[in-house]
Amino acid sequence: MAMSSLCHSTLTLALALCFLPCITSSLNLEDPNVCSHWESYSVTVQESYAHPFDQIYYTSCSDILNWFKCTRHRVSYRSASRRGTKMMYRRKSQCCPGFNENGEICAPHCAKSCVHGRCIAPNTCQCEPGWGGSNCSSGKSSSCCCL
């Protein structure tokens, strides 16, 4: 009964550790800019096993010098526990390339900051009216035709 309880506790701990990253992840997994991959990690667990030992017993025999008692050996097993390492797997979420974590979302990253605009995709600025260039730092010349 004690071994069953130990195995149950070990299994519960392993499951809790497996799902912990899913619970603590701050990224919104529905965000299309969140990428994930599986990673492995090891967990130390207590495991039970059948431990062999040499059991000595006596049997009747024709040895008069030992009072008709002979020593015999047999291998028996008893339950024991040991520490083991178990390989576990978890899903790791992170922002896709070109995006940085910003709270629960992955926001696009522009290598050059968008001076007069906002970053709408990796290295792509959307400029405010009247501004242009790769980082929205060039003013557009307004040409006006007078009639």
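Me: Hi! Cys 127: is that one buried, exposed or something in between?
Reply: Something in between. In this predicted model, Cys 127 has a relative accessible area of 26%, so it counts as partly exposed.

Me: Which cysteine is Cys 127 bonded to?
Reply: Cys 127 forms a disulfide with Cys 136, and their sulfur atoms are 2.1 Å apart.

Me: And is Cys 136 buried or exposed?
Reply: Buried. Its relative accessible area is 0%, and the cut-off for buried is under 20%.

Me: Is that link left-handed or right-handed?
Reply: The link of Cys 127 and Cys 136 is left-handed, with -90 degrees about the S-S bond.

Me: Nice. How many disulfides are there altogether?
Reply: The count comes to 6 disulfides. If you number the bonded cysteines in sequence order, the pairing reads 1-5, 2-3, 4-6, 7-9, 8-10, 11-12.

Me: OK, what about Cys 35? What is its partner?
Reply: Cys 35 pairs with Cys 96, with 1.8 Å between the sulfur atoms. This disulfide links distant parts of the chain: Cys 35 sits in strand S1, while Cys 96 is in the loop between S2 and strand S3, 61 residues apart.

Me: Which hand does that one have?
Reply: Right-handed, with 105 degrees about the S-S bond of Cys 35 and Cys 96.

Me: How do the two ends compare for accessibility: buried, exposed or in between?
Reply: Cys 35 is partly exposed at 30% relative accessible area, whereas Cys 96 is buried at 11%.

Me: Can you give me one more disulfide? What does Cys 61 bond to?
Reply: Sure! Cys 61 is joined to Cys 70, and their sulfur atoms are 1.7 Å apart. The link of Cys 61 and Cys 70 is right-handed, with 85 degrees about the S-S bond.

Me: Why do Cys 61 and Cys 70 count as buried?
Reply: Buried means under 20% relative accessible area. Cys 61 is at 19%, so it counts as buried, and Cys 70 does too, because its relative accessibility is 14%.

Me: Let's switch to serines. Where is Ser 60?
Reply: Ser 60 lies in strand S1, which covers residues 34-60. It counts as exposed, because its relative accessibility is 68% and exposed means over 50%.

Me: How far is Ser 60 from Thr 71?
Reply: Their C-alpha atoms are separated by 9.0 Å, and Ser 60 and Thr 71 are 11 residues apart along the chain.

Me: And Ser 76, where is that, and is it buried or exposed?
Reply: Ser 76 is in strand S2, residues 69-95. With a relative accessible area of 15%, Ser 76 is buried.

Me: What is Ser 76 in contact with?
Reply: Leaving aside neighbours within four places in sequence, Ser 76 is in contact with His 51, Pro 52, Phe 53 and Gln 55. With Gln 55, there is a polar contact between the two side chains, at 2.7 Å.

Me: Last topic: how do S5 and S6 pair?
Reply: Strand S5 (residues 117-121) and strand S6 (residues 124-127) pair in the antiparallel sense over 4 bridges. One of the partnerships joins Ala 121 to Thr 124 in S6.

Me: And what is in the turn?
Reply: S5 and S6 form a hairpin with 2 residues between them. One residue in the turn is Asn 123, which has a positive phi of about 55 degrees.

Key:
Residues are numbered from 1 along each chain as its sequence is written. This is a predicted model: local features need pLDDT of at least 70, side-chain atom pairs count only at pLDDT 80 or more; totals for chains, interfaces and linings use all residues. Side-chain values use heavy atoms; hydrogens and water are left out. Buried means under 20% relative accessible area, exposed over 50%, partly exposed in between (1.4 Å probe, protein chains only). Two strands pair if DSSP finds at least two bridges between them. A polar contact is a pair of N or O atoms within 3.5 Å; within protein, one must be able to donate a hydrogen and the other to accept it, and residues adjacent in sequence count only if both atoms are side-chain atoms. Contact means heavy atoms within 4.5 Å. A disulfide is a pair of cysteine sulfur atoms within 2.5 Å.
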